[in-house]
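Here's a quick briefing to read alongside the model. Have a look at the fold, then work through the bullets by topic.

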Amino acid sequence: MRRPVSRQPVLAAWGAGVDSTAMIIELVARGEPPDAVLMAETGSERPETDRFVPLFRAWMDDHGVENHIVRYEPQRFRHWPPYHSLLENLLTNGTLPSISFGRHSCSAKWKIAPQDRWAESWPPALAAWARGERMVKLIGYDCSPADTRRYADREGHHDPRFTFRYPLREWGWTRDDCIDRIKLAGVPVPVKSSCFFCAAMKPHELRTLPPDYLRLIVLIEARAAPRLRAVDGLWRKPVKGCRGAEPRPGSMTQYIREMGLLPAAAIDAIIASTPAELLTFQETAARMDVNERATMRDWLDHFHAGAFRDAA
């Protein structure tokens, strides 16, 4: 069916998690599919999410829902090796994601900004703006306490380009409702969508990560360690376990060590040698023309094949 020329275009933000997936499924069932769906990929998602994304994109294709993957594309590397994921960005700068410091700039840079840039060249959005109208952007916040707090933070947010809608909240849906809707559609229920090193990761979620991902977490914290003052690591500060919370340290590396998720010798080998190796790699890159530099992805391939595995 052709869209009326004057209708506001509707864009859905899909995080590949439970809420936004259920929102899209229900909108399709109600005969109100969004005009396009965008997922902003950081290149550092959990492995379960990487497997779910093509599966649900195929579902959207089968149901006639236009969908796209967008990415933040850094343009200037100065004297750095080129990087193309949030993980590589952190290793380049020797820091932790902003959420580990109580901020949310990584989401703004790696998720919101790429979606907005895509919309700025989308013909339906350009036509709406030319008419003096806003485009509608759908956000998958449900009615659970956690999302209610997130919604309260955004309530009243004004953008001259977008009208924000929260269909799950309009329907009164909780996270359990979203899970039930996904199951009813015959779609696998996705895991919580996040980067695999996000401070919002729970201990039980960390325990599900494969060894290669755990080694990268150790590397992130080891690389950032010289600059850390106010936080212990990716989890910021310890949790004692009050009010039903699972106790954990502020450092994911410490938790990985305490739980025996990696051999202690492998952890020690990463901490002892790899930050210095990475700095040497970066210093070498600084002396080369940007078009001749190896990338951070090249260095990570070397890391994954590194001698620290022998200690495991």
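**The chain at a glance**

The chain holds 13 helices and five strands. Keep in mind that this is a predicted model. Its radius of gyration is 21 Å, and that agrees with the value near 20 Å that a compact globule of 312 residues would have.

**Overall shape and surface**

- Laid along its principal axes, the C-alpha trace of the chain spans about 60 × 50 × 35 Å.
- Of the 312 residues in the chain, 47% count as buried.
- Take the contacts in the chain with a separation of 6 or more: 73% of them are accounted for by residues 24 or more positions apart.
- About 15500 Å² of the chain is exposed, and carbon and sulfur atoms supply 52% of that area.
- On the charge side, there are 43 positive and 39 negative side chains, and the centres of the two sets lie 5 Å apart.

**The nonpolar cores**

- In soluble globular proteins, nonpolar side chains tend to be buried together.
- Here, the largest nonpolar core has 41 residues, and Phe 197, Leu 206 and Ile 217 have the most contacts inside it.
- Two or more residues of this core come from each of helix 3 (86–93), helix 4 (105–119), helix 10 (211–224), helix 11 (252–258), helix 12 (264–286) and helix 13 (296–304).
- Helix 10 gives the largest share of this core, with eight residues.
- If you want to click on one residue here, try Ile 217: leaving out residues up to four places away in sequence, Ile 217 touches Phe 196, Phe 197, Leu 206, Leu 209, Leu 234, Met 252, Thr 253 and Ile 256.
- Another core lies apart from the largest one; this other core has 28 residues, including Trp 14, Leu 27, Phe 52 and Trp 171.

**Pro 97, buried in a loop**

- Pro 97 sits in the loop between helix 3 and helix 4.
- Is Pro 97 buried or exposed? Pro 97 counts as buried, because its relative accessibility is 3%, under the 20% cut-off.
- Setting aside neighbours within four places in sequence, Pro 97 is in contact with Leu 90, Cys 106, Phe 197 and Leu 234.
- Phe 197 and Leu 234 also turn up among the residues that Ile 217 touches.
- Pro 97 and Pro 123 are 26 residues apart along the chain, and 34 Å separates their C-alpha atoms.

**Glu 26 and Arg 181, a buried charged pair of residues**

- Glu 26 is part of helix 1 (residues 18–29), while Arg 181 belongs to helix 8 (residues 175–184).
- Both are charged residue types, yet Glu 26 is buried at 11% relative accessible area, and Arg 181 is buried at 15%.
- What does Glu 26 contact, leaving aside its neighbours within four places in sequence? The partners of Glu 26 are Trp 171, Trp 173 and Arg 181.
- Seen from the other side, Arg 181 touches Ala 22, Ile 25, Glu 26, Ala 29 and Trp 173, again not counting residues up to four places away in sequence.
- Trp 171, one of the contacts of Glu 26, is among the residues of the 28-residue core.
- For a sense of distance, the C-alpha atoms of Arg 181 and Trp 80 are separated by 46 Å, with their positions 101 residues apart along the chain.

**Positive phi outside glycine**

- Ala 16 has a positive phi of about 65°, although it is not a glycine.
- Ala 16 lies in the loop between strand 1 (10–13) and helix 1, and Ala 16 is buried, with a relative accessible area of 0%.
- Arg 236 is not a glycine either, and its phi is positive too, near 70°.
- You'll find Arg 236 in the loop between helix 10 and helix 11.
- Arg 236 counts as partly exposed, because its relative accessible area is 36%, which falls between the 20% and 50% cut-offs.

**Arg 76, out on the surface**

- Arg 76 lies in the loop between strand 3 (67–70) and helix 3.
- Arg 76 is exposed, because its relative accessible area of 72% is over the 50% cut-off.
- Where Arg 76 and Val 290 are concerned, 214 residues lie along the chain from one to the other, but their C-alpha atoms are separated by 9.4 Å.

How values were computed: Residues are numbered from 1 along each chain as its sequence is written. This is a predicted model: local features need pLDDT of at least 70, side-chain atom pairs count only at pLDDT 80 or more; totals for chains, interfaces and linings use all residues. Side-chain values use heavy atoms; hydrogens and water are left out. A nonpolar core is a set of buried Ala, Val, Leu, Ile, Met, Phe, Trp, Tyr and Cys residues joined through side-chain atoms within 4.5 Å. Buried means under 20% relative accessible area, exposed over 50%, partly exposed in between (1.4 Å probe, protein chains only). Helices (H or I, at least four residues) and strands (E, at least two) are DSSP runs, numbered from the N terminus. Contact means heavy atoms within 4.5 Å. The radius of gyration is taken over C-alpha atoms; the globule rule is 2.2 Å times the number of residues to the power 0.38. Accessible areas come from the Shrake-Rupley method with a 1.4 Å probe; for residues, only the protein chains shown count as cover. The place of a charge is taken as NZ of Lys, CZ of Arg, CG of Asp or CD of Glu.
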